[in-house]
Amino acid sequence: MRVEQEGAATTDEGASPSTVPGAEDRRHLKGAAECVLLVAAGPVTPQQLAETLGVPVDVAVDAVQELAADYAGRGLQIQNVAGGFQLCTRPEFAEYVQRFLRLDFQEPLSQAALETLAIVAYRQPVTRGEIELVRGVRSEHVLERLVARRLIREVGRKPTVGRPILYGTTEGFLRHFGLRDLSDLPPLRGNDPRAMLSGRTDRAEDEETPPAHTGPA
């Protein structure tokens, strides 16, 4: 597994080359980086990690690269998410983690949720009315569920009649789909984003009714 060094390359532009740590120092840095990633509540940027470890950014990133390689073939992995590094479990073991944490009740995303999520991801910021224009069905309940699952959030109001709520994706959305940032979304085929996040669920489409209106949410 390889963790990309995008953040480090940007931050270290023009900086002097760092001294390469010895083997013992690298082991120590890897251990320290592992502890930081374990206790962090969210992704840790290369800059934050470097500051915490007291080393240049490129040295901190190298430590994470080596640590990521150590996790190859294990249950944990280091992902690039939202411009930072995150220590997390591999998706193939999610069933066991959810069972242990008693999260079995959390339903997988329905086809309706995936459709709505894809529209928000590719068209954000977007109003409920604009989402319903694409889907052809009312979407307030699925939007509420996506907000409750912290996959989308309100990001403002559209400056038009009624000032409808604008929705955008969250950091949780990036983590859920293993995306570093929105640029990692697959290229949109055509002009309809609804199928772009398909294949992530095995549930039938939610039962929803046609929209009462197609105006602003």
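These are my notes on one sheet and the nonpolar cores of this structure, which is a predicted model.

**Entry 1: the sheet**

I looked up the strand order first. The sheet is open and has 3 strands in the order β3-β5-β4, with antiparallel pairing. I noted its edges: β3 (126-127) and β4 (152-157) each pair on one side only. As general background, strands of a sheet pair through backbone hydrogen bonds, either parallel or antiparallel.

**Entry 2: the pairings**

I then went through the pairs. β4 runs antiparallel to β5 (residues 165-169), and 5 bridges join the two. For one of the residues I checked the partner: Arg 153 is bridged to Gly 168 in β5. Between β3 and β5 I found antiparallel pairing over 2 bridges. Here Thr 127 stands opposite Leu 166 of β5.

**Entry 3: cover on β5**

Which residues of β5 are buried on each side? I listed Ile 165, Tyr 167 and Thr 169 on one side, with Leu 166 and Gly 168 on the other. Both faces are therefore covered, as buried stands for under 20% relative accessible area. The count agrees: 5 of the 5 residues in β5 are buried.

**Entry 4: the largest core**

I turned to the nonpolar side chains. In soluble globular proteins, such side chains tend to be buried together. The largest nonpolar core in this model has 23 residues, and those touching the most other members are Leu 109, Leu 117, Leu 146, Ile 152, Phe 173 and Phe 177. I asked which elements supply at least two residues each. They are α6, α8 (140-148), β5 and α9 (171-177). The largest share comes from α6, with 7 residues.

**Entry 5: Leu 146**

I picked Leu 146 for a closer look and left aside neighbours within four places in sequence. Its remaining contacts are Leu 109, Ala 113, Thr 116, Leu 117, Leu 151 and Ile 152.

**Entry 6: a separate core**

Apart from the largest core I found another, of 20 residues. Its members include Leu 37, Leu 53, Ala 63 and Tyr 71.

Definitions and conventions. Residues are numbered from 1 along each chain as its sequence is written. This is a predicted model: local features need pLDDT of at least 70, side-chain atom pairs count only at pLDDT 80 or more; totals for chains, interfaces and linings use all residues. Side-chain values use heavy atoms; hydrogens and water are left out. Two strands pair if DSSP finds at least two bridges between them. Helices (H or I, at least four residues) and strands (E, at least two) are DSSP runs, numbered from the N terminus. Buried means under 20% relative accessible area, exposed over 50%, partly exposed in between (1.4 Å probe, protein chains only). A nonpolar core is a set of buried Ala, Val, Leu, Ile, Met, Phe, Trp, Tyr and Cys residues joined through side-chain atoms within 4.5 Å. Contact means heavy atoms within 4.5 Å.
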